[in-house]
Amino acid sequence: MINSFYKIPNDFPTVIQFSGGRTSGFMLNKILDANQDLPNNFHVLFQNTGREMDQTLDFVRDCSINFSVNITWLEYICNPPFFKIVNYETASRNGEPFEALIKKRKYLPNVVTRYCSDVLKYRTAKRYLVNMGYKKWNSAIGFRADEMRRVERIHSRKHIREIIWTPLADAGITKSDIQIFWDNQSFNLGLIGIKGKTPLGNCDGCFLKSEKNLANLCREYPERALWWRNMEAMFGKTFVKDRRWSDLIDTVEKQHEFAFSDQADVFCNSVHGSCEGY
């Protein structure tokens, strides 16, 4: 019965928006299982920003191999058609698409103006599909039943070209279901999961992540934190008001493990005199 939620809902082209995480990987698997004879207008898209962890790129490749499905890798470029097709070997790994967009906009994205996700992810996929000649398509989004606010929000928006499809929410899938599924697979995303979340998933230093997560990036992958510091230095601005990457890196370098509380979920920042959780 649950497989019925994953049946392609109509004859429009269908796009699986694959983020490279466990939830979207689960959704992809269930849709493939429920639709044995996939139409030619079925597409799985992964938009690479260049700031995904290597483990995420490995996972996208592994899903393609293990699920026997083609995944189209896309990246933003500054000139028409504003996207290019890449693959596991040729994908950017040092933020090149993201940096190109920042330089074109001439200012850093932030919590208020989150143009990075809009352009690098959403518009890049849309431009690819329009270039394919599509005028309207089903867009499968991996929102679960335990995040209904996100589900309600995306369904409440006006979508001209997309028919939003949230099969996981419709099927009542929660993060515990996702964990059980991946615990029983022969491969998995090589990034730690905490309370159903993947702190290093998506863009490694995303400004929407907690200070705790970003401090962990500085500690475990200091070379990756430098890119974010360099972007701030280039424009003399910050991604988050009153929080500079240079300060965060300095705090972690000076205090090392003392910056991290014995409580697993807390990072103590001496600069601001506060503790941040996940």
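## A tour from the H9–H10 contact to the sheet

Start by selecting helix H9 and helix H10: Ala225, Leu226, Trp228, Arg229 and Glu232 of H9 are in contact with Trp245, Ser246 and Ile249 of H10. By class, this contact comprises five nonpolar residues, one polar and two charged. H9 covers residues 222-235 and H10 covers residues 245-255; their axes come within 8 Å and cross at roughly 145°. The model on display is a predicted one.

Keep H10 selected and add helix H8, residues 211-220. The axes of H8 and H10 come within 9 Å, with a crossing of roughly 65°. That crossing is right-handed. On the H8 side, show Glu211, Leu214, Ala215, Leu217, Cys218 and Arg219; on the H10 side, show Trp245, Leu248, Ile249 and Val252. The contact of H8 with H10 contains eight nonpolar residues and two charged ones, with no polar residue. Trp245 and Ile249 of H10 appear here, and they also belong to the contact with H9.

Next, go back along the chain to helix H3 (residues 96-105) and helix H4 (residues 115-131). Their axes come within 11 Å and cross at roughly 125°. An angle from 65 to 115 degrees would count as roughly perpendicular and one over 145 as roughly antiparallel; H3 and H4 are therefore oblique to each other. The crossing of this pair is right-handed. To see the contact, show Pro97, Phe98, Leu101, Ile102 and Arg105 in H3, then Tyr115, Cys116, Val119, Leu120 and Arg123 in H4. Eight of these residues are nonpolar, two are charged and none is polar.

Now select Lys106, in the loop between H3 and H4. Check its backbone: phi is positive, about 70°, although Lys106 is not a glycine.

Then hide the helices and turn to the sheet. It is open and has six strands with mixed pairing, in the order S4-S3-S2-S1-S5-S6. Which strands stand at the edges? They are S4 (83-86) and S6 (162-165); each has a single partner strand, so one side of each is left without a neighbour in the sheet. On average, neighbouring strands are turned by 35° against each other, direction ignored.

At the S4 edge, select strand S3, residues 72-76. S3 and S4 pair in the antiparallel sense over four bridges. One residue pair to pick out is Trp73 and its bridge partner in S4, Val86.

Bring back helix H1, residues 22-34, which packs on the sheet. H1 touches strand S1 (14-17), strand S2 (42-47), strand S5 (137-140) and S6. The direction of H1 makes about 150° with that of S1.

Return to the loop between S3 and S4 and select Pro81. The peptide bond from Pro80 to Pro81 is cis, with omega near 5°.

Finally, colour the model by pLDDT. The mean for the protein is 91, and 91% of its residues reach 70 or more. Where does the pLDDT fall below 50? Select residues 262-278 to see that stretch. Beyond near neighbours in sequence, residues 262-278 have 46 contacts in the model. Where pLDDT is low, the predicted coordinates should not be read in detail.

Technical notes: Residues are numbered from 1 along each chain as its sequence is written. This is a predicted model: local features need pLDDT of at least 70, side-chain atom pairs count only at pLDDT 80 or more; totals for chains, interfaces and linings use all residues. Side-chain values use heavy atoms; hydrogens and water are left out. Two strands pair if DSSP finds at least two bridges between them. Helices (H or I, at least four residues) and strands (E, at least two) are DSSP runs, numbered from the N terminus. Axes are lines fitted to C-alpha atoms, for helices over the stretch in contact, and angles run from 0 to 180 degrees between N-to-C directions. Contact means heavy atoms within 4.5 Å. Angles under 35 degrees count as roughly parallel, over 145 as roughly antiparallel, 65 to 115 as roughly perpendicular and the rest as oblique. A crossing is left-handed if the near helix is turned anticlockwise from the far one by less than a right angle, and right-handed if clockwise. Ala, Val, Leu, Ile, Met, Phe, Trp, Tyr, Cys and Pro count as nonpolar, Asp, Glu, Lys and Arg as charged, and the others, Gly among them, as polar. pLDDT is the predictor's confidence in each residue, from 0 to 100.
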